[in-house]
Amino acid sequence: MIKEERILLRNAGKINPMSIEDYIGAGGYRGLEKALGMEPVEVIDELLEAGLRGRGGAGFSTGMKQRFTSESCLRCPQRYVVVNADEGEPGTYKDRVIMEQDPHLYLEGTIIAAHAIRASKGYIYIRGEYQESIDKTRKAVNEAYKKGFLGKNILGSGFDFDIGIKLGAGSYLCGEELTMLESLEGKRGTPRIKPPFPAEKGVFNMPTLVNNVETLANATRILEKGREWYRETGTDTSPGTKIFTISGQVNKPGYYELPLGVSLRQLIELAGGMRGNMQFKAALLGGAAGTFVDASMLDEEMSYDNLRDKGATLGSGAVIVFSREDSITNTLVNCLRFFKHESCGKCIPCRAGTAHLEISARKLKSTANDKQKLLASMIRESELMAATSLCPLGQSPVLPLKSAARYFKDELYGILTE
Amino acid sequence: MSIQKIIRQFEPEQHNLLNILHALQNSSSGNYLSKEAMEETARYLGLTKASVYGVATYYTMFSLKPRGRFIIRICVSPVCELMKVDIIIKQIESILDIKVGETSSDRLFTLELSECLGQCQKAPSMMVNDRVYKCLGKDSIKEIIEKYRQKAKLN
């Protein structure tokens, strides 16, 4: 059986997350010290060469994102770093684990990122319901100020960086980066048209780098240990580890940090296998905005590119496991209900479409006739929404819908298989 | 603390709006945003009343109606659903004699639904104000509600 490789979470459960001394004693803030001894462009090169990809779900190159932000609008008076700590994808809690167990880990990565793009201000946008994460991050920020890792002339390098904490208030959509910036400015959480991307016009119209908590935790390790060391784990195009959160019908649901490229079968084994005598039927990868897979995908390499090539998604690293007794239809209805609740209403195809999809999905659960036609029209609608909505929310329902239809047509049609 | 005092802890800039609304709601005995609180916030930040109202009504965590002293937010995401959260919801409704969205007659509890609380390893889960409760079952629900009833008696 494979073993966990705790590169990011090496301190989890071993140090007191509320103590900066503990963190420093475990090698903390050495990555920052190294970064401050380098030119900003060298820090970006290090992340680029390490091959770090954003862990929020999209898997975009972190180094490229930082380069775009550092090179845009050189005359702008201010540049910002925004930490996306608005975790809310169903089945996902990797960022919560980092924030609760080792908050300095991502705070250090944030300061490194700020130095890399020469930002002197930043915000951490944390989900409003994540009270423990909020408390621990607040404490970490206060202690980092006291120790001189934040504020003026950090570690005598001449680099200044201030950070504030902003609270979300129960909107999933605010985890989308442009919507987050609107919310951060004190507005309703509706997405902006892009381009311009945050790298050009972000918060308060200034160049802004938006990075996820887990991404920044990776940045800390890359600076601390170097790109060659980092590339020893994971695959060529998806280096490093991923914190997977596995839940549902397994014996030991929880978070597991594993090299990218691990298979679903290995992950389920590590999570103690299927509960009781249950038989594996399906997994939902990447949450509601993710894809269902069946047993034919159990041995596929879980990396950004391979899953995409196979029509699936790694997304946030959420893995929800279903047994033969569980209803895929129920979960699909739940996902579509969720999108309806979270649609902001700005784009009409999403506002009307998410509502209509939920109504249609409930018909799938009923005894309605002609479910084949119903499902086909739902898929057409979701494709139309994906093509005509501004932000990822309107583009998401197509993912669980099409993948459920691909693997579990008979069940959705109401044909009993067993 | 008065509304003015709470608001003045923040710089008068629009980007502080959500943090201000959280602080105001948390300090109100009915766990809600009163008209007075929103109007005072609009004045302080130089915003229209409409824009503060727009923000307050957009976000799920804010309420414009008085709620109970303890807000129960129960997770209805796919994992909690898989772990039979519907039974737990029915049980809470019957213990408190309310439906989802309502407040108990003693004004102690309001029952709300929540999207994924990120506690899927120990589903089903819920929050009561700031505290998370996991692995919910029939017995634990009774205990939790009793605990808050006792707490209310003490102060």
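## Two interfaces, one inside chain A and one with chain B

Taken over C-alpha atoms, the centres of domain 1 of chain A and domain 3 of chain A are 34 Å apart. Keep in mind as you look around that this is a predicted model. For orientation, the domain assignment splits chain A into domain 1 (20-230), domain 2 (241-323) and domain 3 (328-413).

Let's stay with domains 1 and 3 of chain A for a moment. Where they touch, domain 1 of chain A brings 12 residues to the contact and domain 3 of chain A brings nine. Put the two together and about 880 Å² gets buried, with carbon and sulfur atoms giving 76% of that area. If you want to know where to zoom in on the domain 1 side, go to Tyr172(A), Leu173(A) and Pro191(A): this trio supplies 55% of the area that domain 1 of chain A buries against domain 3 of chain A, more than any other three residues.

What about polar links across this domain boundary? Salt bridges between domain 1 and domain 3 of chain A come to zero, while two residue pairs are in polar contact, both partners at pLDDT 80 or more. By class, the domain 1 side that touches domain 3 of chain A is made up of five nonpolar, five polar and two charged residues.

Now swing over to the other chain. Here 31 residues of chain B are in contact with 50 residues of chain A. The area buried between the two chains is about 3200 Å², and carbon and sulfur atoms give 55% of it. On the chain B side, His15(B), Tyr58(B) and Glu115(B) lose the most area to chain A, and together they account for 21% of what that side buries.

Glu115(B) is worth a second look. Its side chain meets that of Arg337(A) in a salt bridge, at 3.1 Å from N to O. The count of salt bridges between chain B and chain A is one. Polar contacts across the interface of chain B and chain A come to 21 residue pairs, again with both residues at pLDDT 80 or more.

Which elements of chain B give two or more residues to the side that touches chain A? They are helix 2 (17-27), helix 4 (49-58) and helix 5 (78-82) of chain B. Sorted by class, the side of chain B facing chain A in this contact has 16 nonpolar, 12 polar and three charged residues.

How values were computed:
Residues numbered from 1 in each chain as written. Chains lettered and ligands numbered in written order. Predicted model: local features only at pLDDT ≥ 70, side-chain atom pairs only at ≥ 80, totals over all residues. Heavy atoms only, no water. Contact = heavy atoms within 4.5 Å. Buried area = accessible area lost by both parts, 1.4 Å probe. Salt bridge = Lys/Arg side-chain N within 4 Å of Asp/Glu carboxyl O. Polar contact = N/O pair within 3.5 Å; in protein donor to acceptor, adjacent residues only side chain to side chain. Helix = DSSP H or I, 4+ residues; strand = E, 2+ residues; numbered from the N terminus. Nonpolar A, V, L, I, M, F, W, Y, C, P; charged D, E, K, R; others polar. Domains from an automatic or database assignment.
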